[in-house]
Amino acid sequence: MDEIKKIKRDDELTIEIASSAFEGKCIARHDNMVVFVEGAVPGDVATVKILKTKKNFAESKVINVVTPSKYRVQPRCKYFGACGGCKWQHVDYPAQLEFKQQQVKDAFEHLGGFSDFEMLPIIGSENIFFYRGKMEYTFADKQWLTTPPEKSSTNVEEGTDTISLVPSPVYLGLHVPARFDKVLDLEECFLQSEVSNRILNFTRQFSREKQLSIYDSRSESGYLRFLVIRESKHTKEVMVNLVTFEHKNELMQEFTKAITSSIPEVTTIVNTINYKKAQIAFGQEEHVYLGDGVIHEQLGAHHFDISASSFFQTNVLQAERLYQVAKDFADFKSTDVVYDLYCGTGSISLFISDAVKSVIGIESVESAIEDAKRNAERNNISNCTFLLGDLKDRLTKDTEWMSSHPKPDVMVIDPPRNGMHPKVVEEIMNIAPERIVYVSCNPATQARDVKTLCESKYRLVKMQPVDMFPHTYHIENVVLLHRV
């Protein structure tokens, strides 16, 4: 018998794509070896290039689609493939939902060890484009292209070669995946709105005309860092937040006059000053040049002030549906005391406040807690209390607050992607609320935590996936647990 040829790096194979996998990749098999494929769609027959090999699997990317899948569609965006924002834009949206539902099911079966559970059909997003309330663009002095530059191009990054023909041009866009020093200069993006695209292009042109410099973290000099655009999907208010390394008052006044003349939809303008080396769109100072420095958003019956530094749900229209699922699952009674763990800015707490006796929200980020308190005050809600602190401390040793609050009937849990700390899970079982509603953006860590909770104290009743981010592999899932 001929020996099976071992797959090596840079090999090219023509294979049929069997199914979707985590993080937007797909799965194929070659000579009984699992091959993870980037850029494929289940049902494709494609030629792939091997990028990495391990003992039991290989990683690859598509270099040619031989026979396209029935699920493959033409991406709307001309930057698809180079920009990492919408990795599934080449997949038919109903198929995206099918793959995401399967992803949740696989996590609970294979990682959680569950075999018999009720899983409701995934809730898709009504808007699959222009659904984001916030976009963050980066300024750069070099442009990344995926095709050879024309002779007229300047300061172009292609591959690892830099072509610099004129000094310090301004480019504005999104980072190339896995390359935080490379920016795609975008003319349009289908994630936020047409108004957002006009702001993006106006700001780039203004910066070029004024010959503004780009911040360089190596020399810790320059001016422009980020453009952050926030938009309310209910009130249609628009915030432009220019994040810079220094404060230039006259320039910002000129920018404000120019952009509001060209784009009257802009309702507030903020200049955030970040003096630190860290490349983040937050800072130490905020200067308001138009409006009151906030936009106003609605979530259910409640109203929220969103400042330049506030966290808020990215897809607010779909967040309302997600929170309603959580509220329905909990089956609240007017006498219920609720602990809202990892409460953030209090959006879930406030959303459920009219159905319960009281809510105690706990969060480790101080600015989020301050926002939560302001949001409660703005909505005249008096039955929500917000506590600052790390949960594993607030539930284990820093527990004096518990003496003035009854034990919870229900816990709502919405942790970050890495799930809950084991000590938090342990203390939840010690407190033992009657019902737990667990909201997660990562089905893998959610399945792990639910498995632990269900080993002795709880049973899994049902779950509901909700798609918050069309054209990405991200998926939210709501799980209901009952104490046994």
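How much space lies in the largest cavity? About 130 Å³. This is a predicted model, and the tour below starts with its cavities before turning to its sheets.

## The largest cavity

Searching the whole structure turns up four cavities of 30 Å³ or more. The lining of the largest cavity is made of 13 residues. Nearest to the centre of this cavity lie Cys77, Cys83, Cys86, Gln89 and Cys189. By class, its lining divides into ten nonpolar residues, two polar ones and one charged one.

## The second largest cavity

Next comes the second largest cavity, with a volume of about 100 Å³. It is lined by 16 residues, and those closest to its centre are Gly133, Glu231, Ile306, Phe312 and Gln313. Two strands, β13 (224-231) and β17 (294-299), each contribute at least two residues to this lining.

What classes of residue does the lining of the second largest cavity have? There are five nonpolar, five polar and six charged residues. If you are setting the two linings side by side, recall that ten nonpolar residues and one charged residue belong to the lining of the largest cavity.

## A five-stranded barrel

Now to the strands. Strands of a sheet pair through backbone hydrogen bonds, in either a parallel or an antiparallel way. Here, five strands close into a barrel, following the order β1-β2-β3-β5-β4 with mixed pairing. On average, neighbouring strands of this sheet are turned by 50° against each other, direction ignored.

One pair in the barrel is easy to pick out by residue number: β4 (residues 45-53) and β5 (residues 57-67) are antiparallel and share eight bridges. Within this pairing, Lys49 has Lys61 in β5 as its bridge partner.

## An open sheet and its helices

The model also holds an open sheet of eight strands, again with mixed pairing, in the order β6-β24-β25-β23-β22-β19-β20-β21. At its edges are β6 (118-119) and β21 (384-388), each of which pairs on one side only. Inside the order, β19 (residues 337-341) runs parallel to β22 (residues 410-413), and four bridges join the two strands. Val338 stands opposite Val410 in β22.

Which strands does helix α9 touch? Helix α9 (residues 443-453) packs on the sheet against β23 (435-440), β24 and β25, and its direction makes about 160° with that of β23. Helix α1 (residues 93-111), in turn, lies across β6, β24 (458-466) and β25 (476-483). The angle between α1 and β24 is about 160°.

Conventions
Residues are numbered from 1 along each chain as its sequence is written. This is a predicted model: local features need pLDDT of at least 70, side-chain atom pairs count only at pLDDT 80 or more; totals for chains, interfaces and linings use all residues. Side-chain values use heavy atoms; hydrogens and water are left out. Two strands pair if DSSP finds at least two bridges between them. Axes are lines fitted to C-alpha atoms, for helices over the stretch in contact, and angles run from 0 to 180 degrees between N-to-C directions. Contact means heavy atoms within 4.5 Å. On a 1 Å grid over the protein atoms alone, a cavity is a set of points where a 1.4 Å probe fits but cannot get out, and a pocket is an open set with protein on both sides within 12 Å along at least five of seven lines; lining residues have an atom within 4 Å of a point. Grid points are joined across faces, edges and corners, and a volume is the space filled by probe spheres set on the points. Ala, Val, Leu, Ile, Met, Phe, Trp, Tyr, Cys and Pro count as nonpolar, Asp, Glu, Lys and Arg as charged, and the others, Gly among them, as polar.
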